[in-house]
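Subject: Structure for you, with notes

Hi,

Here is the structure I promised to pass on. Have a look at it first, and then read my notes underneath.

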Amino acid sequence: MSPHDELAKRLGVDIDAETLRLALTHRSFAYENGGIPTNERLEFLGDSILGFSVTELLYREHPSLSEGDLAKRRAAVVSTRALAAIARRIGVGDFIFLGQGEKLTGGKNKSSILADTMEALIGATFISNDLETARQFVVRLVKPLLEDAAVLGAGTDWKTHIQELAANRQLGTIHYAVVGDGPDHARVYTATLLIGGTAYGTGTGHSKKEAEQQSAANAWKVLGPDGAAGVAEQQSS
């Protein structure tokens, strides 16, 4: 089985070899190989199909949600973070055609490249099949995310929520202690959220910003209205 037959098997869709290769061709590889076509047009197409498919799924399965809540959920599952997580789970990074510069800087694990490639693969699914096949492909990819509260949090600015909560409760100064580990091309950051010197949440990510957001999201589980600290405050009031 060829590497790209293996990827098609993991994706669970039939994509013709030429279209699949195009979907995996990053602009850095195209530039180094005489300006061959890139996956950007397929990415453009896939982005539209992704948005439509997620919107329809949310509309049909959540009839009681407001337009605002639907929009937040859609933003969460079509975010770069969510799409990159899907790509990592499938192992898409190992199949992307990258230029030497991107290879050396860990391009196969960069969230932006992984997310863009997933959109291109959605576009490729449509080109090789039809809209319904592409829609079902999207639904299969994102449905688990719609049941994951942590993923839905990707559409929420947790740092702002925590800042407002800490100010309202006069908990003290907010500080994110961030450390990085691993080589420069594959560095993973760990952030710990400290409020008034007390640690409330820790998160990891491939950037400092992502790690800080994750630590704030985890702190919200403790400090928010439904968290232990939030419930205790409500009971004492």
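At what angle do the axes of helix α4 and helix α9 cross, and within what distance do they come? The model is a predicted one, so please read everything below with that in mind. The axes of α4 (residues 40-61) and α9 (residues 131-146) cross at roughly 65° and come within 9 Å. The crossing of α4 and α9 is right-handed. On the α4 side, the contact is made by I49, L50, S53, V54, E56, L57, L58 and E61. From α9, the residues taking part are L131, A134, R135, V138, V139, V142, K143 and L146. By type, the residues of this contact split into 11 nonpolar, four charged and one polar. A general point that helps when you look at lists like these: an α-helix has 3.6 residues a turn, so residues three or four places apart point the same way.

Some overall numbers, before more detail. The protein has 13 helices and three strands. It runs to 237 residues, and 40% of them count as buried. If you take the contacts between residues at least 6 apart in sequence, 53% of them join residues at least 24 apart.

Back to α4 for a moment, since L50 of that helix deserves a click. L50 is buried, with a relative accessible area of 1%. Setting aside neighbours within four places in sequence, L50 is in contact with V78, L83, E119, I122, V138 and V142. Of these, V138 and V142 also turn up in the α9 side of the helix contact above. C-alpha to C-alpha, L50 and V77 are 9.6 Å apart in space, while in sequence they are 27 residues apart.

L11 is another one to select. This residue sits in helix α1 (residues 3-11) and is buried, with a relative accessible area of 0%. Not counting residues up to four places away in sequence, L11 touches I90, L121, F137 and R140. With F137 the C-alpha to C-alpha distance is 8.3 Å, for a separation of 126 residues in sequence.

One of the residues L11 touches, I90, is among the buried residues of α6, which are A82, L83, A84, I86, A87 and I90. Just after α6 comes G91, with a positive phi near 90°.

S111 also has links to that part of the chain. S111 is in helix α8 (residues 111-128) and is buried, at a relative accessible area of 17%. Its contacts, leaving aside neighbours within four places in sequence, are T80, A84, R88 and E210. S111 and L83 are 28 residues apart in sequence, and their C-alpha atoms are 8.0 Å apart in space.

Now the rings. How many aromatic pairs does the structure hold? There is one. F29 and F97 make up this pair, and the geometry is tilted, with 5.4 Å centre to centre and 45° between the planes. F29 lies in helix α3 (residues 27-32) and F97 in the loop between α6 (80-90) and α7 (100-104), so the pair ties together parts that are 68 residues apart in sequence. Both rings belong to buried residues: the relative accessible area is 17% for F29 and 15% for F97.

F97 has a charged partner too, since R21 lies over the face of F97, at 4.1 Å from the ring centre. A second case involves K159, which lies over the face of Y176 at 4.9 Å from the ring centre.

Last, a backbone detail. Which residue other than glycine has a positive phi, near 50°? That is Q170, found in the loop between α11 (158-169) and β1 (174-181). As a reminder, most residues other than glycine have a negative phi. Q170 is exposed, with a relative accessible area of 73%.

That's what I have for now. Shout if anything looks odd on your screen.

Cheers

Methods:
Residues numbered from 1 in each chain as written. Predicted model: local features only at pLDDT ≥ 70, side-chain atom pairs only at ≥ 80, totals over all residues. Heavy atoms only, no water. Phe/Tyr/Trp six-rings, centres within 6.5 Å; stacked < 30°, edge-to-face > 60°. Helix = DSSP H or I, 4+ residues; strand = E, 2+ residues; numbered from the N terminus. Buried < 20%, exposed > 50% of the residue type's maximum accessible area, 1.4 Å probe, protein only. Lys NZ or Arg CZ within 6 Å of the ring centre and 35° of its normal. Axes fitted to C-alpha atoms, helices over the stretch in contact; angles between N-to-C directions. Left-handed = near helix turned anticlockwise from the far one by under 90°. Contact = heavy atoms within 4.5 Å. Nonpolar A, V, L, I, M, F, W, Y, C, P; charged D, E, K, R; others polar.
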